[in-house]
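Biologist: Please take a close look at the enclosed and open spaces in this protein. I should like one connected account that a first-year student can follow with the structure in view.

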Amino acid sequence: MYGKLKEHLQKELNEIQEAGLYKSERIIASPQKAEITLNTGQKVLNFCANNYLGLSDHPKLKEAAHEALNSHGFGMSSVRFICGTQDLHKTLEAKIANFFGTEDTILYAAAFDANGGVFEPLFSEEDAIISDSLNHASIIDGVRLCKAKRYRYANADMGDLEKQLQLAQEQRFRIIVTDGVFSMDGNVAPMDKINELAKKYDALVMVDECHSAGVVGETGRGVTELFNIRGEVDIITGTLGKAFGGAIGGFTTGRKEIIELLRQRSRPYLFSNSLPPVVVNAGIKMFDMMDQTNELQDKLHANTAYFMEKMTAAGFDIKPTKSAICAVMLYDAPLSQKMAAMLLEEGIYVIGFYYPVVPKGQARIRVQLSAGHETEHLDKAIAAFTKVGKALKVI
Ligand SMILES: *Cc1c(COP(=O)(O)O)cnc(C)c1O
């Protein structure tokens, strides 16, 4: 039998190659940080990690991981409700709730699971999920697993959201679902307006803070801080895999009864392994650090402002951003690939994105800033962008 499938798969793989959509993986031979070494021996500055706070290789988090390895062991070999809950898991859940100003938190193996497991236990045929068109794949999959009626509104378009809310008035419960920061443009969901519309049309609000938690808002509390609606959003999902240390792990945090029901019914929680103590303890340490100081947020915000200003002054077309994502617009797909390749030769690791990841004619290079970057790193990147940009007649 496999012969036939093999032929079919080879054909699909060839089509992906021919369409120029084949994703190959560059191999890193060092820890994840601002300066990394590739397996080719080339040292490059990394501007494409979600390592927003520079915590992926932070000594304090590594120390916390070592401590937990000694005190709590390596693996849990269980789901949470059988024998997979340690004191550390409860502590981390409480710290996350404290960070977001929510009532309770439930941990998952990843934010993909948090989003995959949040809708189905809470909503049914009688309900409505109203989702931003650019929401993350994990939200889309989570919504698919749920029988609620689906509505979609154009990205951050409040007129369209209002229209969808009107259409959904017959349903028993309504929930508006949005990413906090959209990963391709770096734009922020207008949470103040979403919240107003939710009140007007009697809807719940859920925000996925994966790209915004730790990053957005003066103290990094995310979009609810930025829009001054802390504690008002019903459900927040997030990841420990981006700004918060970058290892692995996701969470849903919010209203007490919602979290309690998820512990009873959410399938990725009930039927998947518990997070390992090294990851959990490093997470605890990380939230303690966040409580003590905004140093990393300050540095990240300063780095982002600096980079945006210098790149704009150099003549680049940069999308406005309130996040640490900076889209350098090129509009031409082959150009985005050529430019990223030339930047790598200059020691700057960035990725060019084009259709279907972004709309047709909207190709760009996405730069992700980090508190792990020093000014000299930023200057080196800006100089390389300028050199390559001139050579390719982008500026
Ligand atoms: C990265 C991301 C996820 C997935 O997070 P993981 O913890 O890596 O599974 C979910 N939602 C959004 C918006 C993301 O950016």
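Modeller: In this predicted model, the walls of the largest cavity are formed by Arg 80, His 89, Leu 107, Tyr 108, Ala 109, Pro 268, Tyr 269, Ser 272, Asn 273, Ser 274 and Leu 275. Two elements each contribute two or more residues to this lining, namely strand S3 (residues 104-108) and helix H11 (residues 267-270). Sorted by class, the lining of the largest cavity holds six nonpolar residues, four polar residues and one charged residue. The volume of the largest cavity is about 90 Å³. Altogether, the model has three cavities of 30 Å³ or more.

From the cavities we may turn to the pockets. The largest pocket contains about 1000 Å³ of space. Its lining consists of 29 residues, and those closest to the centre of the pocket are Lys 23, Ser 24, Ile 351, Gly 352 and Phe 353. Helix H14 (333-345), strand S12 (351-353) and strand S13 (364-368) are the elements that each provide two or more of the lining residues. Among the contributors, H14 supplies the largest share, with four residues. In terms of class, the lining of the largest pocket comprises 17 nonpolar, eight polar and four charged residues.

The loop between S12 and S13 also deserves attention, for Pro 356 is found there. The peptide bond that leads from Tyr 355 to Pro 356 is cis, and its omega angle is near 10°.

The second largest pocket holds about 700 Å³ of space. Its lining is made up of 35 residues, and His 136, Ala 137, Asp 179, Ser 183 and His 211 lie nearest the centre. H5, helix H6 (137-144) and S13 each give at least two residues to this lining. Strand S13 thus appears a second time, having already been named among the elements that line the largest pocket. The classes in the lining of the second largest pocket are 16 nonpolar, twelve polar and seven charged residues.

Which pocket does the ligand occupy? The ligand sits in the second largest pocket. It is surrounded by 13 residues, and the closest are Ala 111, Phe 112, Asp 208, Thr 239 and Lys 242. Helix H5, which spans residues 111-116, gives the most to this shell, with three residues. By class, the shell consists of four nonpolar, six polar and three charged residues.

Individual atoms complete the picture of the ligand site. At Ala 111, a backbone N or O atom is 2.8 Å from an oxygen atom of the ligand. At Phe 112, a polar backbone atom lies 2.9 Å from a ligand oxygen atom. At Thr 239, by contrast, the side chain takes part: one of its polar atoms is 2.7 Å from an oxygen atom of the ligand. On its own, the ligand has 380 Å² of accessible area, and the protein covers 83% of that area.

One further feature of the backbone may be noted. Ser 77 is located in the loop between helix H2 (59-72) and helix H3 (80-83). Its phi angle is near 50°, which is a positive value in a residue other than glycine. Helix H3 starts at residue 80, and Arg 80 is one of the residues that line the largest cavity, with which this account began.

Notes: Residues numbered from 1 in each chain as written. Predicted model: local features only at pLDDT ≥ 70, side-chain atom pairs only at ≥ 80, totals over all residues. Heavy atoms only, no water. Near = heavy atom within 4 Å. Polar contact = N/O pair within 3.5 Å; in protein donor to acceptor, adjacent residues only side chain to side chain. Areas by Shrake-Rupley, 256 points an atom, 1.4 Å probe, with all protein chains shown as cover. 1 Å grid on protein atoms, 1.4 Å probe; cavity = no way out; pocket = protein on both sides within 12 Å on 5 of 7 lines; lining within 4 Å. Sits in = over half its atoms within 2 Å of the grid points. Nonpolar A, V, L, I, M, F, W, Y, C, P; charged D, E, K, R; others polar. Points joined across faces, edges and corners; volume = space filled by probe spheres on them.
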